[in-house]
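This report looks at how strands are arranged in one sheet and at a few backbone angles elsewhere. Please have the structure in view while reading.

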Amino acid sequence: MVRFDNVGMRYGSGPEVLRDISFALAPGSFHFLTGASGAGKSTLLRLLYLAQRPTRGLITMFDKDLATLPRDELPALRRRIGVVFQDFRLIGHLSALDNVALPLKIAGARDDQIRDHVRELLTWVGLGDHVDAKPATLSGGQQQRVALARAVIGRPALLLADEPTGNVDDRIALRLLHLFDELNKMGTTVVVATHNESLIARMRHPVLHLDKGELAQRAAARAATP
Amino acid sequence: MTPARLADWWLRLIARNDLPLRGDDTGRFLPWVVAVMVFLATLSFAAALAVGAAANRWQHDLSGSATVQIADTGTGSLDARVAAALDLLRRTPGIRRADPISPQAAAELLKPWLGNAAALADLPMPRLIDVAFDTYQVDTVTLGRQLAAAVPGASFDDHRRWVEGLALIARSIMLVATVVVVLVAGVAALSVIFAVRSGLAVHRDVIEVLHLIGAHDDYIANSFARHTLWTGLRGGAIGSLLAIGSLIALSHVGRDAAPGMLPGLQLETLDWVMLVLIVPLTALLAAATARATVLRALARLI
């Protein structure tokens, strides 16, 4: 599903923040992405959710070579990827329902098809009573669940989450990870970037460990499908 | 376009925007800029239409007619010379009518400029003959020479100088009006570009989120275009109402203050329709400019 071959990434003329990254994610797999601050986790995630192109190396996603993929084909690829951003990035003037409905609306779905589906999903993440609430009136945990619902409403093949447990207590963090687990069991490939070692230990999923911009051999050997 | 597609287009047009463009400050003054631009464009265009119509009317009235003037040289009978000129004119093929204008009628014509007709009696007034051509094939240059040779003091004016002058004035005014309309459109487009660029900067985060969850550039650009279209229609309507009100007031003032002196604002129904069409055209121009600006900016993202 996803393959990185000797990928390198630098911003402008600065130093390489990712070096010689090679790994593959099999369909339906679940990986944690770990590493100290500044190790390159966010950059790797940005490459995965197609916010950047690598400065060198090859990335293949959904059997498409990103280096040769025309720009106007990227949106269709992005719709197959759900992202839970670390800072949620909900749209402030839209209700929870409208935020979650956005990917479907963008994909051109009709309003009457969207609303019931979105309500159902918000109920699944425990926000059935908050469909009309604006993000500013929701707690951090609730906003995170809205962000999760927005990420999965389009039934993505690949779900990426950047520090989803960073702003919530362990009980909610565990609940969130169980939600990811449920989605993974339904066939979604999941990558969760986190610092939370205790959660990683509990979930027993393979780990991609980044150290100073390089995929550590130990973690890479454990985690990635070669 | 089928009714269903039209309804779908309308619903999308009035749908709530994913970008909070309505509540921000980036385009707060844009409706007023558009209002001023539409006001100026409407006045310029109306002036061009009015002048063009007046010039056409004058040109139509003057073409196919001529005036023979027989000066009071102080020698010989003026009436005899008028009769000789009439005789020559009426014998010339292609001339439908040649009628002398009485001294009283000539004095009435000059009254707005020279005052009371009684005072004109002392002036050496020329005699005038109004000539109408049957066809436009009359060789006016030869006719003028023949008249000058046969009738002392006679001069022939086929109004060509006037007609050409009027056409030049009309063309000049229409050119200036066109330049004004183009400049106004350019300033409106520049204002839209600046407002949209500010909007792009202010809503950068939201735009990036839309982009990352799979929005095509068109989706984001159309959001800006829809918002700008409404802004343009709102501002344009204000400017158009003010301009049309001013034109109606001007036409009343011109008619009452100087009757007969000014051509007046004589616009046909089609002219008014064209003036009102400036509003949607401006709004469409603004929307297209906004769309192009956003597409150009988004092309820099991956």
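In chain B, strand β1 (residues 65-70) and strand β3 (residues 127-133) are paired in the antiparallel sense over six bridges. Here strands are DSSP runs (E, at least two residues), as helices are (H or I, at least four), numbered from the N terminus, and two strands pair if DSSP finds at least two bridges between them. Within this pairing, S65(B) stands opposite A132(B) in β3(B).

The model is predicted, so that local features need pLDDT of at least 70 and side-chain atom pairs count only at pLDDT 80 or more, while totals for chains, interfaces and linings use all residues. Residues are numbered from 1 along each chain as its sequence is written, and chains are lettered from A, with ligands numbered from 1, in the order in which they are written.

An open sheet of four strands in chain B has the order β2-β3-β1-β4, with antiparallel pairing. Because β2 (95-101) and β4 (154-157) of chain B each have a single partner strand, they stand at the edges, and one side of each is left without a neighbour in the sheet.

In chain A, two residues other than glycine have a positive phi, as listed below.

| Residue | Phi | Loop in chain A |
|---|---|---|
| F62(A) | near 50 degrees | between β4 (56-61) and β5 (64-65) |
| F88(A) | near 65 degrees | between β6 (81-84) and α3 (96-106) |

F62(A) counts as partly exposed because it has 13 C-beta neighbours inside 10 Å, whereas F88(A), with 22 such neighbours inside 10 Å, counts as buried; the cut-offs are 20 or more other C-beta atoms within 10 Å for buried, 12 or fewer for exposed, and partly exposed in between, with C-beta atoms placed from the backbone.
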